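Visitor: Could you take me through one part of this model closely, the sheet and what surrounds it, and tell me about the cysteines as well?

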Amino acid sequence: MSLILFAFVVRVRDGLPLSASTDFEHNRELQERKQQLRTVSKSLACFPDRGTIKGQQLNIYFVSSEGVSYMTVCHCSLPVAKAFCFLEDLRWEFTACFNSTVVSLAARPYPFLEFDSTIQKLKQQYNQSGGPALEVTLAEVQEDLRRNPPQVINLDEVQLTNGIANGHIEQGLASGQNQRLEPVSASGILSLVLNIMCASLNMIRGVHLMEYTFQDDYEGISNVVAFLLAFVCCAFQCHLYLFHSPLKKLKSFGLLSVIVLCNLYLLGMRNVWQFIFHISVASISTILILTRKLQDRINDCGV
């Protein structure tokens, strides 16, 4: 029976998969552990350099070093020291093949998939011989683990949702900074330009009105606040369209409501066509913000 079933190499800063072992076994728990492993890989920057996630029959172990994390799914009967010894050997093999510059420049998933052959040889060595060839290496790892035991991680710490039970992982698990939205469309670019134009008009009118207000006993200060508030909301609409954000729907409707209220308050200082223009741009921007989805994750192609 194989004790080391799956190995995974990822970039720590964004969880980008760099390489993985070919999947030869398809039992249910292994697939669940692999899903958990990929979920944890998105939050590695929040965890220590060494950790363990325990399961029923299969455990997950990982070691992070120099911006790369080496992760594995092993049978629970495999001693912890041998699992981490395997990860250390995997780290040495990977760093011997790929330098940190190449890793940092990687832009697509699994750019070093050819490293799979090395992973398979290393897995075979451990599964057949039961451990590394040099016992002194295992002894060193055992001593290191005794001094600095790996952190046992609870899946609740990475906010694992029912996506695992359903056979998939919700993309919202990863931090907003790691989420990739769909490419900006032509209509999106147009809305950004119009939104920037509205923001600029609000800023210019607000600044000019501010100059007169300071000379006239602050009677028009409320109009200045309305112009500047509308400017801020337009700027935030651009930000919401360009970057993923939690509670996007609530924020979008909140910004639209404030823009509408500001323009209603300023209706006496604008004609009907200007009012319609500002409200229309804000409404179109809100629709585009809500319809721009997160980019679909690329399939793992059997690894």
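Guide: Beginning with the cysteines, a search of the whole structure, which is a predicted model, finds zero disulfides. A disulfide is a covalent bond between the sulfur atoms of two cysteines. Cys76 has a relative accessible area of 36% and is therefore partly exposed, since that value falls between the 20% limit for buried and the 50% limit for exposed, and Cys97, at 46% relative accessibility, counts as partly exposed too.

Turning to the sheet, six strands make up an open arrangement in the order S2-S1-S5-S4-S3-S6, with mixed pairing. Strand S2 (17-20) and strand S6 (151-152) stand at its edges, and because each has a single partner strand, one side of each is left without a neighbour in the sheet. Helix H4 (residues 116-129) packs on this sheet, where it touches strand S1 (4-11) and S2, and the direction of H4 makes about 140° with that of S1.

Elsewhere in the sheet, strand S4 (residues 58-65) and strand S5 (residues 68-75) run antiparallel and are joined by eight bridges; within this pairing, Asn59 has Cys74 as its bridge partner in S5.

Strand S3 (residues 50-53) contains Thr52, a residue whose relative accessible area is 3%, so that it counts as buried, the limit being under 20%. Leaving aside neighbours within four places in sequence, Thr52 is in contact with Ile60, Tyr61, Phe62, Phe84, Pro150, Gln151, Val152 and Ile153.

Methods:
Residues are numbered from 1 along each chain as its sequence is written. This is a predicted model: local features need pLDDT of at least 70, side-chain atom pairs count only at pLDDT 80 or more; totals for chains, interfaces and linings use all residues. Side-chain values use heavy atoms; hydrogens and water are left out. Helices (H or I, at least four residues) and strands (E, at least two) are DSSP runs, numbered from the N terminus. Buried means under 20% relative accessible area, exposed over 50%, partly exposed in between (1.4 Å probe, protein chains only). Contact means heavy atoms within 4.5 Å. Two strands pair if DSSP finds at least two bridges between them. Axes are lines fitted to C-alpha atoms, for helices over the stretch in contact, and angles run from 0 to 180 degrees between N-to-C directions. A disulfide is a pair of cysteine sulfur atoms within 2.5 Å.
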